[in-house]
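Here is a friendly walk through one protein chain. Please keep the sequence and the 3D view at hand as you read.

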Amino acid sequence: MDRNGAALDNDELTKEARDVFGIGLNWGTGVPSFDGAVPVQTGAPRAASPIGQGGVRMNPLTMASVAATVRSGAFHQPYIVAPSVDNRQLAKSSRPLSADTAKQLRSLMRLTATSGTAAEAMAGLTWIWSSRRQQAHCSTSDTLAPN
């Protein structure tokens, strides 16, 4: 159900993953790679998909891209080899993440990193975001930098 209590269509998660996060598009990273999948599902697998289970398949690059999309509000396809080497086109999503959804996801991700299931793994790291360069820098410290 969505936040208004309406049932979601079987393909809603698939569409959101593709249209906002670029998952399911052809990511020409410059090397052979699996770029994630959020297939249309029904029944029990559909119920498991929103928590990353069922048929949802990701890799570290895909999840880093999801985090970067949440941080910047828009998908920017990652790549390993510069596209200028072979003139390939980068994948583009059809719409940005809504400001409200981005704000909520940032809050959830911060809570997970500071006091949730990732707190132990994130202990001792400080993340500093450089919006000018659209990248994050990680260093060791006692706290997680505020927004």
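The report below goes from the overall layout to the core, an aromatic pair and a few single residues.

## Overall layout

Please bear in mind that this is a predicted model. The protein chain has five helices and two strands, and from the N terminus on these elements run α-α-α-α-α-β-β. The two strands therefore come after the five helices in this order.

Of the 147 residues in the protein chain, 25% are buried. The chain exposes about 9,600 Å², and carbon and sulfur atoms supply 57% of that area. Among contacts between residues at least 6 apart in sequence, 52% join residues at least 24 apart.

## Helix α1 and the nonpolar core

Let us begin with α1, which spans residues 12–21. Its buried residues are Thr14, Ala17, Asp19, Val20 and Phe21, and they pack against α3 and α4. Just after this helix, Gly22 takes a positive phi of about 75 degrees.

Which residues make up the largest nonpolar core? There are ten: Ala17, Val20, Phe21, Ile23, Val38, Val56, Val66, Val70, Leu97 and Ala102. Two elements, α1 and α3, give two or more residues to this core, and α1 gives the most, with three residues. As general background, nonpolar side chains in soluble globular proteins tend to be buried together.

## The aromatic pair

A search of the whole structure finds one aromatic pair. The rings of Trp27 and Phe75 have centres 5.6 Å apart and planes at 35 degrees, so the pair counts as tilted. The angle fits that class because planes under 30 degrees apart would count as stacked and those over 60 as edge-to-face.

Where do the two partners, Trp27 and Phe75, lie? Trp27 is in the loop between α1 and α2 (43–48), while Phe75 is in the loop between α3 (60–72) and α4 (99–115), so the pair ties together parts that are 48 residues apart in sequence. Both Trp27 and Phe75 are buried.

## Neighbours of Phe75

Two residues that touch Phe75 are worth a visit. Thr69 lies in helix α3, and its relative accessible area of 1% makes it buried. Leaving out residues up to four places away in sequence, Thr69 touches Val20, Phe21, Ala74, Phe75 and Leu97.

Val20, one of the buried residues of α1, also touches Phe75. With the four places on either side in sequence again left out, the contacts of Val20 are Lys15, Thr69, Phe75, Ser93, Arg95, Pro96 and Leu97. Val20 and Leu97 are both members of the largest nonpolar core.

## The loop between α3 and α4

The loop that holds Phe75 has other residues to look at. Is Ser94, with its 58% relative accessibility, buried or exposed? Ser94, found in the loop between α3 and α4, counts as exposed because 58% is over the 50% cut-off. The C-alpha atoms of Ser94 and Phe75 are separated by 9.2 Å, with their positions 19 residues apart along the chain counted as the spacing.

Asn87 is found in this loop between α3 and α4 too. Its relative accessible area is 65%, so Asn87 is exposed. Asn87 has a positive phi of about 60 degrees although it is not a glycine. For context, most residues other than glycine have a negative phi.

Definitions and conventions: Residues are numbered from 1 along each chain as its sequence is written. This is a predicted model: local features need pLDDT of at least 70, side-chain atom pairs count only at pLDDT 80 or more; totals for chains, interfaces and linings use all residues. Side-chain values use heavy atoms; hydrogens and water are left out. Rings of Phe, Tyr and Trp (its six-membered ring) pair if their centres lie within 6.5 Å; planes under 30 degrees apart count as stacked, over 60 as edge-to-face and the rest as tilted. Helices (H or I, at least four residues) and strands (E, at least two) are DSSP runs, numbered from the N terminus. Buried means under 20% relative accessible area, exposed over 50%, partly exposed in between (1.4 Å probe, protein chains only). Contact means heavy atoms within 4.5 Å. Accessible areas come from the Shrake-Rupley method with a 1.4 Å probe; for residues, only the protein chains shown count as cover. A nonpolar core is a set of buried Ala, Val, Leu, Ile, Met, Phe, Trp, Tyr and Cys residues joined through side-chain atoms within 4.5 Å.
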